[in-house]
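Q: I am new to this structure. Can you take me through its features one at a time?
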Amino acid sequence: MLPLEDVKVLSFGTGGVVPDAGKILGELGADVIKIESKDNLDFMRTIGPDMNNIAQFNEANRNKRSFGVNLKTEKGKELVSRLVKWTDILLENFRGGVMKSLGFDYGNVRKLNPQIVYVSSQGFGGGGPFSDFQAYGPMLSAASGMLSIWAQPDDPYPVGSNSPLPDHMASKHAIIAALAALDYRHRTGKGQYIDMAQTEVAVSLIGEHYLDYTYNNRIAKPTGNRSTYAAPHGCYPCKGADEWCAIAVFNDVEWRSFSSVMGDPAWTRDPKFASLQGRLKNVEELDQHVRQWTSGLDAYVVMEVLQAAGVAAGVVQRAPDTLADPQLKWLGSTVELDHPVSGKRLYPGVPFRMSGAPPAQSTAAPLLGQHTEEICRDLLNMAEDEIQRLVKEDILHTPASSKEGGTSILG
Amino acid sequence: MTTKEGALSPYRVLDLADSKGAYCTKLFADLGADVIKVEAPQGDPGRRMPPFAGDVPHHEKSLYFLHRNAGKRGVTLDFETPDGRDILIGLVARADVLVENSPPDYMAGLGLDYAALRQVNPRLIMASITDFGRSGPYKDRKSSNLVDFAMSGVMITSGYPGKEPSLCPGTPAYDAASLYANISILAAMHMRDAIGEGRFIDVSVHETSRLGLYPWIIPNYSYAINPGGPPPSSESRLGASVYPVYPCKDGLIRVIALTPRQWDALVRVLGSPEVLQMPDWRSFLYRIGNASDLYALMLEFTQKYTMIELFEAGKREGVPIAPILNIQDFYNSPHTKARQFFVEVEHPVAGKAEYPGPPYKWTESPARIARPAPCLGEHNEEVYCQELGFSRDDLVALRGAGVI
């Protein structure tokens with residue numbers, strides 16, 4: 001039995017956060033229905049030429065059924081209202097105010113389903129001047145203080161990462177909120193509304209820098225990869241183009257192992273490097289020596305020889321490294337799924353194991369409206385001719401009726 | 001002060017973890033669970049992590065520790081000793097959840113693995129966080145937040161092209177493991193209501209950070225593979241080319257203009273200057289290809305405005321523009337104030353300060369920081385005497401023997 005087999009989730013999700021949350025709830029056994037409209041697509045469906053063949057969308061929307069419906073019609077709203085009554089957990093991350101304009105804000109939804117757990121996840125959260133601002137992950141790292149210190153000290157300005165972090169951390173917080181609220185409901189019979197701010201998730205993850213401000217009045221500046229309690233500590237260039245190995249040496253025992261791996265060159269015997277204090281004080285010079293050693297070696301050789309000596313080291317990895325990683329192979333960390341349009345592709349597996357539970361499930365992302373008819377029949381008890389009439393009237397969307405929808409934003 | 005209970009108020013969590021699991025149990029504490037942090041008598045190594053309140057190194061003043069352990073109670077215990085082991089078993093009998101992050105075979109060596117602990121408490125849910133996994137070729141390797149982040153796939157995308165990749169602030173790799181541990185514990189708690197017994201959960205930093213922080217990397221690569229063709233290039237650092245950064249009157253902004261419509265909106269935000277109206281600029285790929293020329297052109301216009309003016313104009317015109325706020329800017333932002341995100345916490349040694357609150361507001365069961373991080377052994381008497389029935393004399397003896 002999967003742990004969440006009896007849990008029903010309705011997802012009004014777009015982009016990264018709510019889709020990722022629904023994906024994980026689905027892996028744990030929940031029945032997750034994604035509400036989609038052909039005329040107002042999840043923007044991740046619009047970042048390539050074919051809305052059903054987008055890597056990021058198809059990753060984030062696994063383990064869900066797609067219910068295609070025109071939310072601007074009264075009939076469409078009525079059908080979704082009936083799904084709301086079926087739902088335990090409603091997740092949404094539309095721009096602030098959008099759910100209200102659709103008539104599915106918490107105030108309305110709780111009238112339909114007083115026990116519902118309703119999790120809203122806006123970039124900046126509700127109840128303030130920025131609550132209805134559009135927000136993508138890269139904006140949130142900027143607006144949360146995280147980006148201001150995600151840099152090397154000599155960078156002209158911080159650029160952080162091309163990843164949408166903190167999106168994929170916020171999604172996990174949304175799941176935690178939803179499951180905890182479900183437990184509360186189980187005990188008390190009460191549903192509730194949870195208003196999560198993705199910027200605040202980012203701040204929570206770097207809370208020590210905020211305490212440095214509130215306790216010490218210090219505004220943190222970028223420190224790159226340097227540490228105040230380990231040296232060497234950073235990414236060191238290795239043989240080849242843009243190849244790096246991260247190395248972290250915390251104490252004197254590790255330092256002696258590290259030196260011996262390098263063959264105890266003369267510079268390592270300089271007393272100024274003998275203690276952590278000395279290595280931290282002379283870190284520029286230290287790093288230069290280490291770079292000299294690593295730059296002639298393959299990054300994987302550096303990792304292996306250091307690990308063999310008990311020093312923490314890891315290659316700065318790319319996607320192909322993940323696929324070849326012996327530990328991840330051992331754990332079975334990737335999963336191949338066959339998607340009707342994209343074919344057989346690799347996706348992240350489920351990164352935890354639970355005793356006595358079958359391996360978590362993973363199903364390919366749905367085509368737009370792939371499960372509309374099945375949901376109408378099985379959950380809404382609708383007759384076949386009514387379903388087909390609503391498809392014809394473009395109130396319901398199926399994969400066949402959505403072919404015209406969706407154009408690339410880059411087009 | 002509200003008297004409503006938190007979403008997880010009835011539950012007790014034993015926190016045997018250090019930095020790798022601290023965030024997992026903090027989230028439980030924020031939601032009302034009784035989290036008891038069980039530390040070795042010499043203290044969690046996280047207590048020695050800088051920076052410190054008042055910049056004085058002190059085991060009660062590590063800001064990393066204070067933040068991630070706020071809301072928990074704390075006891076000291078050396079469960080490698082026979083008496084300590086018995087005490088831990090007594091605590092396990094009264095707990096719902098145990099979180100630990102020792103090396104793979106350590107707990108089994110002490111007879112404290114899940115097989116043993118479930119004999120004491122069949123409803124116990126135990127989550128073990130390891131660096132690389134409980135088995136497999138990397139099982140005994142050494143790691144750190146930096147090393148795990150390096151292997152996560154995010155680091156190669158962080159920083160400037162050609163320069164050293166940049167570490168994300170905080171401890172993102174550890175926190176990925178903490179978040180997955182928390183999710184799987186809550187899922188096991190949900191199932192426990194139906195089946196009446198607990199579960200063992202196995203989470204590694206290596207796998208959770210790799211699959212959880214930026215899960216799109218794997219399909220991005222897989223989708224680019226053409227059978228018979230050359231291997232696709234994999235993701236690397238794009239620096240400011242995708243999300244350009246521009247200086248403005250009082251700081252920096254980051255712009256997300258991908259579509260022609262978003263670009264048009266950006267041009268309007270900047271007062272529709274003629275030089276930006278050249279049709280070629282509407283193409284995202286053209287802008288990436290001519291990023292430095294564009295940067296030089298844009299400067300003149302972005303610098304006329306403040307961060308917030310551009311942020312608001314972007315919203316009005318339809319292009320996401322974010323202010324790059326520093327720590328003080330975010331703290332002082334009117335939005336942060338309106339949400340009352342920071343909350344005052346008074347720690348007996350480190351003193352009083354505002355802490356980032358839980359990142360969500362709940363209408364029925366409030367999330368809150370109910371107490372400061374525990375001082376070392378602060379709740380020994382409360383837990384050992386009031387709950388396990390030890391006398392004060394027993395505690396003196398246990399302390400003398402180095403058990404607590």
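Q: What percentage of the 404 residues in chain B are buried?
A: This is a predicted model, so keep that in mind throughout. In chain B, buried residues make up 56% of the 404 residues. The chain holds 17 helices and 12 strands. Its C-alpha atoms fill a box of roughly 85 × 60 × 45 Å along the principal axes.

Q: Which share of contacts in chain B joins residues at least 24 apart?
A: Start from contacts between residues at least 6 apart in sequence. In chain B, 69% of these join residues at least 24 apart.

Q: What are the domains of each chain?
A: A domain may be built from separate stretches of sequence, as here. In chain A, domain 1 covers 8-205 + 332-397, and domain 2 covers 233-324. In chain B, domain 1 covers 12-212 + 339-400, and domain 2 covers 245-332. The centres of the two domains of chain A are 42 Å apart, taken over C-alpha atoms. For chain B, the separation of the domain centres is 42 Å.

Q: How many residues does each chain bring to the contact?
A: Count the two sides separately. Chain A brings 125 residues and chain B brings 122. On the side of chain A, helix H7 (residues 167-188) gives the most, with 14 residues. That side of chain A divides into 72 nonpolar, 40 polar and 13 charged residues.

Q: Which strands of chain A and chain B pair in the antiparallel sense over 3 bridges?
A: Look for strands that run side by side across the two chains. Strand E12 (residues 352-354) of chain A pairs with strand E6 (residues 200-204) of chain B. Within this region, A:Met354 stands opposite B:Ile201.

Q: What is the strand order in the open sheet of 8 strands?
A: Read a sheet from one edge to the other. The order is E13(A)-E3(A)-E2(A)-E1(A)-E4(A)-E5(A)-E6(A)-E12(B), and the pairing is mixed. The edge strands are E13 (396-397) of chain A and E12 (360-362) of chain B, each pairing on one side only. Inside the sheet, E4 (residues 89-92) and E5 (residues 117-122) of chain A run parallel, joined by 4 bridges. A:Leu91 stands opposite A:Val119 there. H7(A) packs on this sheet, touching E4, E5 and E6 (192-197) of chain A together with E12 of chain B. The direction of H7(A) makes about 160° with that of E5(A).

Q: At what angle do the axes of H7(A) and H8(A) cross?
A: To read helix packing, take the distance and the angle between axes. The axes of H7(A) and helix H8 (residues 198-205) of chain A come within 9 Å and cross at roughly 100°. The two helices are therefore roughly perpendicular. A:Met169, A:Ala170 and A:His173 in H7(A) meet A:Gln198, A:Val201 and A:Leu205 in H8(A). These contact residues divide into 4 nonpolar, 2 polar and no charged.

Q: How many residues of H1(A) are buried?
A: Go along the helix and check each residue. In helix H1 (residues 17-27) of chain A, 11 of its 11 residues are buried. Among them are A:Asp20, A:Lys23 and A:Glu27. Just after H1(A), A:Gly29 takes a positive phi of about 110°.

Q: Why is E8(B) largely enclosed by the rest of the structure?
A: Again, look at burial. Strand E8 (residues 251-255) of chain B is largely enclosed because 4 of its 5 residues are buried. E8(B) pairs with E7 (residues 245-248) of chain B in the antiparallel sense over 4 bridges. These two strands form a hairpin with 2 residues between them. E8(B) also runs antiparallel to E9 (residues 321-323) of chain B, joined by 3 bridges. B:Arg254 links the picture: B:Val245 stands opposite it in the pairing with E7(B), and B:Ala322 is its bridge partner in E9(B).

Q: Where are the cis peptide bonds before A:Pro166 and A:Pro232?
A: Read omega for the bond, then locate the proline. A:Leu165 and A:Pro166 are joined by a cis bond with omega of about 20°. A:Pro166 is in the loop between helix H6 (137-143) and H7 of chain A. The bond from A:Ala231 to A:Pro232 is cis, with omega near -5°. A:Pro232 is in the loop between helix H9 (207-216) and strand E7 (233-237) of chain A.

Q: Is A:Asp264 buried or exposed?
A: Count its neighbours. A:Asp264 is exposed, with 11 other C-beta atoms within 10 Å. A:Asp264 is not a glycine, yet has a positive phi of about 45°. B:Ser272 also counts as exposed, with 11 C-beta neighbours inside 10 Å. The phi of B:Ser272 is near 50°.

Key
Residues are numbered from 1 along each chain as its sequence is written. Chains are lettered from A and ligands numbered from 1 in the order in which they are written. This is a predicted model: local features need pLDDT of at least 70, side-chain atom pairs count only at pLDDT 80 or more; totals for chains, interfaces and linings use all residues. A residue is buried if 20 or more other C-beta atoms lie within 10 Å of its own, exposed if 12 or fewer, and partly exposed in between; C-beta atoms are placed from the backbone. Two residues are in contact if their C-beta atoms, placed from the backbone, lie within 7 Å. Domain bounds come from an automatic or database domain assignment. Ala, Val, Leu, Ile, Met, Phe, Trp, Tyr, Cys and Pro count as nonpolar, Asp, Glu, Lys and Arg as charged, and the others, Gly among them, as polar. Two strands pair if DSSP finds at least two bridges between them. Axes are lines fitted to C-alpha atoms, for helices over the stretch in contact, and angles run from 0 to 180 degrees between N-to-C directions. Angles under 35 degrees count as roughly parallel, over 145 as roughly antiparallel, 65 to 115 as roughly perpendicular and the rest as oblique.
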